[in-house]
Amino acid sequence: MPKFSFSYDISFALFIGAEILVVLAFLKILSQRRSPTGMIAWILAIFIAPYVSAPLFFILSDRKIFKRDRKSPYIIEPLQNSLEHNCKKEDRATADEHIGSIERLLAKSGIPPATKNNRFELFDDGVTAYEKIYEALKSAECCIDICIYQLKLDSATVPLLECLAKKASKGVRVRLLLDSIGSYGLYLRPWRLKGLREAGVEIAFFMPFLRMPFRNYINLRNHRKIMIFDNNLLYTGGVNLTSEYLAPDTSMVGFTDFLCRIEGDAIYYYHQLFLSDWCFATGESISHPPPIEEDVGNACIQVAPSGPDMQKDALYETYLAMINAALHEIVIITPYFSPNSTIMDALRIALHKGVRITLVAPIHSDHIFSDLARASFLHDLFDEGANVLLHTGKTLHAKAMIFDRSCAMVGSTNFDSRSLFYNYEINAIIYSEHEIEAISSAAERVMKNTIPYRPLRHPLLLMVENFMRTFAPLV
């Protein structure tokens, strides 16, 4: 009888286990109601690299979490005085019925309508962003709540964190919620936050990826940027807390991004989102934030969150509805551009209707795979007549969309499948004329540092573009 070595037995068992995992992955793909492009992407990935892609599929593929011991569906409680402060037709840049349909669509996902009792400002340079946040930190008297995707300890952020620690030591309640992937350097080296904790800063990591990664869904990240000071001042947008985004010296800043300052009723909804995420990360019970009691302005703002804890893909549906409703012009500013086929069809149809589409993307983003995946989409839009511009200044990280100068969206969401279907995101939809003009002016400043996109027509390059397009849903 032949003898088998121990190493041979182990190798054979691993091979059989891997083959079973591959079969189970295929069965799960077929059992789920996925988009055809998503199914094809995973099937092709498993076919090319089965023993790597099959395990990744079980870790990364799920995008909604409503099961026991996971984040429960989030329900936004409307303001008690929301009827008084809700935006009316006269508060909007246009009385177009299409805008009302957006609010009705979002209402199906439990998102309250826009409120008019707000003040809104937008900043588009890292030095101003740094100064504004530093000023808010120094002025806070009772509480500071921060949810951020990426935090690094560097020459720009250390003074901010020292201010944070000083406030906590004086009795200000400070809560700092970090994503464990975005801020992995601090998650893996928690001793670097020891000084903050000793000063009284409460720190939590969202879905820590080393603690039961299969249960915690390592692919579902908290990409929201929410900074609330004394319950009455909010900073949000796409800015992370690193010197790449904000710093006291412009030579230190490496990204072009948008930071929004908001006061008024909209803070109530941002605060609910923060508390929901904080309570999930810490196990604390959810408490309602205090409502805004004073009149602060006339900006008409609707807070539109999205994420795996929401029953519907509200943001994705909103993108489609806004594109389909546009009559004259669409402006899209995004660092990553890899839409699914449905959104591409909507953009193509809009172009055929005569809608002018301007897409601004970085000439090179900070993710090479995203740049490879976007190539065929940029090519298609250019061929259909869109004005595609490549930003050549500091790496573009800003996210904004403007529709017919009657509606604008700014926030944390990129124009890709990850932001639309996997990440926890937060956006402000703006309906008032003055604020839309402010966003449009910021978009025009971004466009000053661009060059026209011209696709390369080499056959081999086209083959590479089309191949990478298949994997766009996974990037």
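**Overall make-up**

I began with burial: of the 475 residues of the protein, 55% count as buried (buried is under 20% relative accessible area, exposed over 50%, partly exposed in between, with a 1.4 Å probe and protein chains only). I am working from a predicted model, where local features need pLDDT of at least 70 and side-chain atom pairs count only at pLDDT 80 or more, while totals for chains, interfaces and linings use all residues. Residues are numbered from 1 along each chain as its sequence is written, and side-chain values use heavy atoms, with hydrogens and water left out.

I noted 17 helices and 19 strands in the secondary structure (helices, H or I with at least four residues, and strands, E with at least two, are DSSP runs numbered from the N terminus). Next I looked at contacts (heavy atoms within 4.5 Å). Among those between residues at least 6 apart in sequence, 81% join residues at least 24 apart.

**Helix H13 on its own**

I then turned to helix H13, residues 341-352. Its 12 residues reach 16 Å from first C-alpha to last, close to the 16 Å expected at 1.5 Å a residue (the expected span is 1.5 Å times one less than the number of residues). I found Ile 343, Met 344, Ala 346, Leu 347, Arg 348, Ala 350 and Leu 351 buried in H13. After the helix comes Gly 354, with a positive phi near 100°.

**H13 and its two partners**

A reminder to myself: two packed helices are described by the angle between their axes and the distance between the axes. Axes here are lines fitted to C-alpha atoms, for helices over the stretch in contact, and angles run from 0 to 180 degrees between N-to-C directions.

I took H12 (residues 314-325) to begin with: its axis and that of H13 come within 9 Å and cross at roughly 15°. H12 and H13 are therefore roughly parallel to each other (angles under 35 degrees are roughly parallel, over 145 roughly antiparallel, 65 to 115 roughly perpendicular and the rest oblique). Their crossing is left-handed (the near helix is turned anticlockwise from the far one by less than a right angle; clockwise would be right-handed). On the H12 side I listed Tyr 316, Tyr 319, Leu 320, Ile 323 and Asn 324, which meet Thr 342, Ile 343, Ala 346, Leu 347 and Ala 350 in H13. These contact residues divide into eight nonpolar, two polar and no charged (Ala, Val, Leu, Ile, Met, Phe, Trp, Tyr, Cys and Pro count as nonpolar, Asp, Glu, Lys and Arg as charged, and the others, Gly among them, as polar).

The other partner I checked is H14 (residues 368-384), whose axis comes within 10 Å of that of H13 and crosses it at roughly 15°. This pair is therefore also roughly parallel, but the crossing of H13 and H14 is right-handed. H13 gives Met 344, Leu 347, Arg 348, Leu 351 and His 352 to the contact, and H14 gives Phe 377, Asp 380, Leu 381 and Glu 384. I sorted the residues of the H13 and H14 contact into five nonpolar, one polar and three charged.

**Helix H11**

I looked up H11 (residues 266-282) as well: its 17 residues should span 24 Å at 1.5 Å a residue, and the end C-alpha atoms are 25 Å apart, which agrees. Of these 17 residues 14 are buried, so H11 is largely enclosed by the rest of the structure. Gly 283 follows H11 with a positive phi near 85°.

**Single residues**

Glu 103 lies in helix H5 (residues 97-107) and counts as buried at 11% relative accessibility. I found it 9.9 Å from Ala 304, C-alpha to C-alpha, although the two are 201 residues apart in sequence. Leaving aside neighbours within four places, Glu 103 is in contact with Arg 92, Pro 113, Ala 114, Gln 302 and Tyr 431.

Glu 329 sits in strand E10 (residues 329-333). Among the residues it touches beyond four places away in sequence, I noted Val 355, Arg 356 and Arg 405.

That led me to Arg 405, in the loop between strands E15 (400-403) and E16 (407-411). Its phi is positive, near 55°, and it is not a glycine. At 33% relative accessibility, Arg 405 counts as partly exposed.

Met 207 also caught my eye, with a positive phi of about 45° although it is not a glycine. Met 207 is in the loop between strand E4 (202-206) and helix H10 (213-216) and is buried at 3%.
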